[in-house]
Amino acid sequence: MSGDRPIIQFNQARYATSADKLSQCPADSLAEVAFAGRSNAGKSSAINTLTQNGKLARTSKTPGRTQLINFFDLNLPGLRLVDLPGYGYAKVPVAMKTHWQQHLDTYLQKRDALRAVVLVMDIRHPMKEFDEMMVSWCQKTGMRLHVLLTKADKLTRGPAQSTLLQLRAQLQKRLGDRVTLQTFSSLKNQGVEELRAIISDILLAELDSLNADERADGTLE
Ligand SMILES: Nc1nc2c(ncn2[C@@H]2O[C@H](COP(=O)(O)OP(=O)(O)OP(=O)(O)O)[C@@H](O)[C@H]2O)c(=O)[nH]1
Ligand SMILES: [Mg+2]
């Protein structure tokens with residue numbers, strides 16, 4: 001062991017595959033972080049901003065752009081980002097909506113590699129029904145949650161900070177230190193370093209524990 005911690009180079013992220021249902025998902029990776037949120041909240045834009053690759057995840061003014069679970073490989077093998085379909089797009093047929101919701105539910109419940117959910121919310125409209133469901137689910141399962149209050153460019157600093165502080169107090173009461181929150185803007189590249197640091201911490205912790213296991217195995221011989 002050199003002791004050097006590997007670094008996630010977000011700009012080297014590559015599209016891996018898309019899945020319409022859990023059986024199509026790539027083999028459970030080592031660890032992945034999934035971006036969830038209401039349709040049009042800005043999930044795909046956040047992934048593109050994070051990776052400095054405007055073409056990585058498809059974005060659109062039309063809600064419901066992301067209809068599949070999209071996987072992106074990071075530069076370190078086994079680490080991935082996941083773009084989840086948006087919740088609550090009104091114009092799709094009910095049957096399709098139910099299908100999305102089901103595969104989203106299955107993904108959340110069955111995916112071993114899932115280490116954290118980045119819940120993306122429009123800072124002007126936080127904690128809608130879907131967001132509440134996600135928070136409750138994280139509370140119940142102990143899943144690590146990072147809340148991205150995006151489109152912060154649409155508010156001035158005062159109201160943006162006050163939403164952040166209010167929501168932080170509210171969510172920390174429920175989830176303790178398993179929840180973190182930040183403001184973000186894909187348009188203004190605001191909060192990108194903070195998001196990179198959080199995701200790196202979560203995913204690299206996995207490599208650390210893997211290395212620790214290997215070292216432990218080694219000493220047993
Ligand atoms: N002003 C502003 N607009 C944003 C920001 N992030 C996203 N948008 C816009 O919001 C719209 C939706 O963005 P997407 O990233 O496609 O949203 P999504 O959550 O992936 O949507 P679905 O795939 O439909 O679930 C697009 O028109 C984006 O340009 C932001 O930080 N600021
Ligand atoms: Mg999308």
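Here are legends for a handful of views of this predicted model, starting with the whole chain and then moving in.

Residue numbers start at 1 along each chain as its sequence is written, chains are lettered from A and ligands numbered from 1 in written order. Because the model is predicted, local features need pLDDT of at least 70 and side-chain atom pairs count only at pLDDT 80 or more, while totals for chains, interfaces and linings use all residues; side-chain values use heavy atoms, with hydrogens and water left out.

**View 1. The whole protein, with its 5 helices and 7 strands.** Helices (H or I, at least four residues) and strands (E, at least two) are DSSP runs, numbered from the N terminus. Read from that end, the order is β-β-α-β-β-α-β-α-β-α-β-α. Out of 221 residues, 46% count as buried; that label means under 20% relative accessible area, with exposed being over 50% and partly exposed in between (1.4 Å probe, protein chains only). About 11300 Å² is exposed, and carbon and sulfur atoms supply 49% of that (areas by the Shrake-Rupley method with a 1.4 Å probe; for residues, only the protein chains shown count as cover). A contact here means heavy atoms within 4.5 Å. Take the contacts between residues at least 6 apart in sequence, and 74% of them join residues at least 24 apart.

**View 2. The largest nonpolar core, 34 residues in all.** A core like this is a set of buried Ala, Val, Leu, Ile, Met, Phe, Trp, Tyr and Cys residues joined through side-chain atoms within 4.5 Å. Y107, V117, L145 and V147 touch the most other members. Two or more residues come from each of β2 (31-37), β3, α2, β5 (114-122), α3, β6, α4 (157-175) and β7 (179-183). Zoom in on V117 and, beyond its neighbours within four places in sequence, you'll find contacts that include A34, A36, L108, M134 and W137. There's also a second, separate core of 30 residues, with A13, L74, I198 and L204 among them.

**View 3. M143, in the loop between α3 (129-141) and β6 (144-150).** M143 counts as buried because its relative accessibility is 12%. Setting aside residues up to four places away in sequence, M143 touches L114, R115, A116, V117, W137, C138 and R178. V179 is 36 residues away from M143 in sequence, yet their C-alpha atoms sit 9.0 Å apart.

**View 4. The aromatic pairs, of which the whole structure has 2.** Rings of Phe, Tyr and Trp (its six-membered ring) pair if their centres lie within 6.5 Å; planes under 30 degrees apart count as stacked, over 60 as edge-to-face and the rest as tilted. Y15 and F72 have ring centres 6.1 Å apart and planes at 65 degrees, so they're edge-to-face. This pair links distant parts of the chain, 57 residues apart: Y15 lies in β1 (residues 14-19) and F72 in β3 (residues 69-73). Y15 is partly exposed at 45% relative accessible area, whereas F72 is buried at 1%. For F71 and Y107, the centres are 6.4 Å apart and the planes at 65 degrees, so this pair is edge-to-face too. Here the link runs from F71 in β3 to Y107 in α2 (residues 94-110), 36 residues apart, and both F71 and Y107 are buried.

**View 5. Helix α1 (residues 43-51), mostly covered.** Of its 9 residues, 8 are buried, including K43, S44, N48 and T51. Right after α1 comes Q52, with a positive phi near 50 degrees.
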